Amino acid sequence: MTRALGSASVVLYNKNPCCRPQENMPANIIQYTGDQARNFAGISPEAWRHWRKVVPRLAAKSGKKARFSADELIALAVLTAAVSTLNVGISHFANRWDELFDLCTQQRPSSLRSVFVIVTAEKVELVDADRLGPEQPAIVIPCKPIVERLWAAAFSDVVEQAQVPLPFPPQAVGGTLR
């Protein structure tokens with residue numbers, strides 16, 4: 001079964017042996033391709049290639065078989081917000097980004113709505129909105145808009161792109177002459 005995610009589709013895997021998910025993901029969760037993850041996070045193909053070299057978590061998921069969970073998409077979008085919006089160099093915090101992926105995968109995606117990601121020189125942490133108040137310089141990124149954007153993209157019933165027309169229209173084949 002597939003659902004629309006922007007101009008791409010999301011594959012819903014089940015326990016059918018012909019549709020095996022990636023080894024570290026349960027069989028009943030939505031998995032996104034690398035291209036879907038890149039498009040959702042708004043990363044250019046050139047930046048994606050660079051990020052896969054710098055961030056160990058992304059380097060571990062290579063090739064066309066790479067699959068990402070919703071919480072990994074949220075972590076990727078937070079990473080994009082830090083790098084593109086706040087102008088933070090991706091290689092300066094490479095170890096912190098793996099911590100971010102680990103923290104996000106430990107949470108349910110819906111529970112990430114009420115938290116902020118705080119990145120300091122020493123660590124990355126998820127903090128509830130009512131406990132926000134770092135004592136040192138930090139990057140603070142709200143997760144709520146990212147989670148809501150993911151939900152809207154993954155679970156909307158609107159398909160943005162119609163099927164591409166067939167290059168050769170179907171023709172009737174039959175009769176005795178072949």
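Select Ala75 to begin: this residue is buried, with a relative accessible area of 0%, and its place is in helix α4. The structure on the screen is a predicted model, and every stop on this tour should be read with that in mind.

**Around Ala75**

Keep Ala75 selected and add Leu100, Phe101 and Cys104, which Ala75 touches when residues up to four places away in sequence are not counted. Then add Val147, which is 72 residues from Ala75 in sequence, although the two C-alpha atoms are 9.9 Å apart in space.

**The whole chain**

Now show the full chain as a cartoon, where you can trace 6 helices and 7 strands, arranged along the sequence in the pattern β-β-β-α-α-α-β-α-α-β-β-β-α. Of the 178 residues, 38% count as buried. Among contacts between residues at least 6 apart in sequence, 59% join residues at least 24 apart.

Colour the chain by pLDDT next: the average is 76, and 72% of the residues score at least 70. Select residues 1-23 for a part to treat with caution, since there pLDDT stays under 50, even though the model has 52 contacts beyond four places in sequence for these residues.

**The two sides of helix α2**

Which residues of helix α2 are buried? Select residues 45-54 and pick out Trp48, Trp51, Arg52 and Val54, which are the ones to look for. These residues lie on the same side of α2, because they cover an arc of only 165 degrees around the axis. An α-helix has 3.6 residues a turn, so residues three or four places apart point the same way. Turn the view to the other side of α2, and you will find Glu46, Arg49 and Lys53 exposed.

To see what the buried residues of α2 pack against, display α1 (34-41), α3 (56-59), β4 (67-68), α4 and α5 (94-105) together with them.

**The largest pocket**

For the last stop, select Ile29, Ala70, Arg108, Pro109 and Trp151, which are the closest to the centre of the largest pocket among the 15 residues that line it. About 330 Å³ of space lies in this pocket.

Which elements supply at least two residues each to the lining? Highlight β3 (30-33), α4 (70-85) and α6 (144-155), which each do so, and note that α6 gives the most, with 4 residues. If you colour the lining by residue type, you will see 9 nonpolar, 4 polar and 2 charged residues.

Terms used. Residues are numbered from 1 along each chain as its sequence is written. This is a predicted model: local features need pLDDT of at least 70, side-chain atom pairs count only at pLDDT 80 or more; totals for chains, interfaces and linings use all residues. Side-chain values use heavy atoms; hydrogens and water are left out. On a 1 Å grid over the protein atoms alone, a cavity is a set of points where a 1.4 Å probe fits but cannot get out, and a pocket is an open set with protein on both sides within 12 Å along at least five of seven lines; lining residues have an atom within 4 Å of a point. Grid points are joined across faces, edges and corners, and a volume is the space filled by probe spheres set on the points. Ala, Val, Leu, Ile, Met, Phe, Trp, Tyr, Cys and Pro count as nonpolar, Asp, Glu, Lys and Arg as charged, and the others, Gly among them, as polar. pLDDT is the predictor's confidence in each residue, from 0 to 100. Contact means heavy atoms within 4.5 Å. Buried means under 20% relative accessible area, exposed over 50%, partly exposed in between (1.4 Å probe, protein chains only). The arc is that of the directions from the helix axis to the C-beta atoms.
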